[in-house]
Amino acid sequence: MRTEHTQIVIIGAGIGGCIAALALAKHYHVTLIDNHEQPPEKVGECLPPAARRILKLLDIQSLLDDGPHLVSQGMLSYWGSPQPTVMDNLRNPDGLGWHLDRPHFERQLRTQAQLRGVQCLWPATLKESVYHDHKWHLQISAQQYALLTADIVIDATGRHCVFARKQNMKRKQLDKLMSIWLTGQFKVTKNMALISSTDNGWWYSAPLPTGGSSANISIGQSRIVSWQLDPEHLQKHQDSQWFLNQAKRVNGFGTLIKQLIERSEQLHGIVAANTSRLEHFYGQQWFAIGDAAMSFDPLSSQGMFNAMASAMQLSDLLIQNGLVSTQTALQYQQQMESVWEQYLHHKNVYYAQVS
C-alpha cells in the first residue's frame with residue numbers, strides 16, 4: 001500500500017467539492033476523491049443568478065455559456081393562490097438564472113479541477129479514517145489501495161455525509177418531506193418553471209436542458225414534474241398514470257399535463273427532500289460543506305448555491321487563517337448557523353402563506 005501526504009482531502013467531487021478544490025488549489029496541495037468515475041445522472045434545481053459571482057471569483061463563469069445549460073426565463077407561481085404570478089430576474093443585478101444539465105456541469109468542474117493541479121482520484125472509496133499525530137490517515141480504495149495523510153478533510157458527500165457519520169456526528173432531521181418526480185416531453189416552448197401549492201404538498205415543473213431544449217414542437221421540450229409531499233400522502237404502488245392524475249388536479253398543472261406527448265413520460269421514483277443538518281459542521285480538523293452540512297427544502301431552490309457558497313466560505317477561512325488555526329472551526333460554525341437561521345426564517349414565511 002503506497003502512502004502519500006496531501007494537505008487537504010475533499011471527499012465528494014460534486015458541485016461543492018469541486019468549488020472548494022478550485023478555490024483552494026492555488027494555496028494548498030488538494031486531493032479530490034469520488035466513488036463515481038463519472039458524475040451520476042441527477043436533475044438539479046435552477047441555479048440562481050447570485051452563483052455567477054462565485055464563478056467569476058474562480059474565473060470559470062464561461063462554463064455556463066458552454067454546453068447545454070438553459071437560461072431561466074422565470075417562474076409562474078400559483079403559491080397560495082389560484083391566480084398565477086410571474087416571477088422573473090429581469091431586475092436582478094446578477095442577471096438571469098440557469099436550468100443546469102447537472103452531470104455536464106459537474107464534468108466541467110472536474111475538468112477545471114484537473115487543469116488547475118488538483119490531484120483527482122475516481123473511482124475511489126474511503127474505507128477507513130483514523131486521526132493521530134495531528135493528521136488524518138485515510139485508507140482509499142482506488143485502482144490500488146492507498147493511504148493518504150492529510151491536515152484537513154472536507155466532507156462534500158451530500159446528504160449521506162459519509163465522513164461526518166464515520167466520526168459519529170449526529171444529524172437532525174426537521175421533517176419527512178419526500179419528492180416523487182417524472183420526466184417527459186411536452187408541447188411547450190417557454191423556458192418557464194411552474195410551482196403550485198396544494199393541501200397535501202406542492203408541485204414543481206421546469207425545463208430540462210437535455211433532449212429537447214429547442215422550441216421544436218415536433219420534438220417537444222423535456223421537463224421535470226415533481227411532487228413534494230409527506231410520506232403519508234403516498235399510495236403503496238405508484239405509477240405514471242396515478243402521478244399524472246394527481247397533477248391534473250393542481251392549479252396550473254392541468255394545462256401542462258395536456259401538453260404531454262403520449263408515452264414520453266417516465267416516473268423516476270422517490271428521493272429525500274427533507275430539511276436536515278449536522279449538529280456541528282466541523283470536527284477535529286474536518287469540515288462539512290453543502291448538503292453534507294445542511295440540506296434544504298427544494299422550495300428554497302438553494303441546494304446547489306448553498307454547496308457553492310459554503311465551499312467558498314470555508315475556503316476563504318482556510319486561506320485566511322491557515323490550516324492549523326483553531327479560529328477557523330468557530331468562525332465557520334457561526335457563519336453556517338447564520339445561513340441556517342435565515343433559511344428557516346424564509347422557509348417558515350413561505351409555508352405560512354399556504355397553511
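The side chains of Thr-275 and Tyr-343 share a polar contact of 2.5 Å. A polar contact is a pair of N or O atoms within 3.5 Å; within protein, one must be able to donate a hydrogen and the other to accept it, and residues adjacent in sequence count only if both atoms are side-chain atoms. This is a predicted model: local features need pLDDT of at least 70, side-chain atom pairs count only at pLDDT 80 or more, and totals for chains, interfaces and linings use all residues. Residues are numbered from 1 along each chain as its sequence is written, and side-chain values use heavy atoms, with hydrogens and water left out.

Thr-275 sits in the loop between β17 (266–272) and β18 (276–278); strands are DSSP runs (E, at least two residues), numbered from the N terminus. Thr-275 counts as buried because its relative accessibility is 0%, where buried means under 20% relative accessible area (1.4 Å probe, protein chains only). Beyond its neighbours within four places in sequence, its contacts (heavy atoms within 4.5 Å) include Asp-175, Trp-340 and Lys-347.

The domain assignment, automatic or from a database, gives domain 1 (4–42 + 102–173 + 278–352) and domain 2 (46–99 + 176–273).

| Domain 1 to domain 2 | Value |
|---|---|
| C-alpha centre separation | 28 Å |
| Buried area | about 2,000 Å² |
| Carbon and sulfur part of buried area | 74% |

Buried area is the accessible area (1.4 Å probe) that two parts lose on being put together, summed over both. Phe-105, Gln-108 and Phe-305 supply 22% of what domain 1 buries against domain 2, more than any other three residues.

Methods: Helices (H or I, at least four residues) and strands (E, at least two) are DSSP runs, numbered from the N terminus. Buried means under 20% relative accessible area, exposed over 50%, partly exposed in between (1.4 Å probe, protein chains only).
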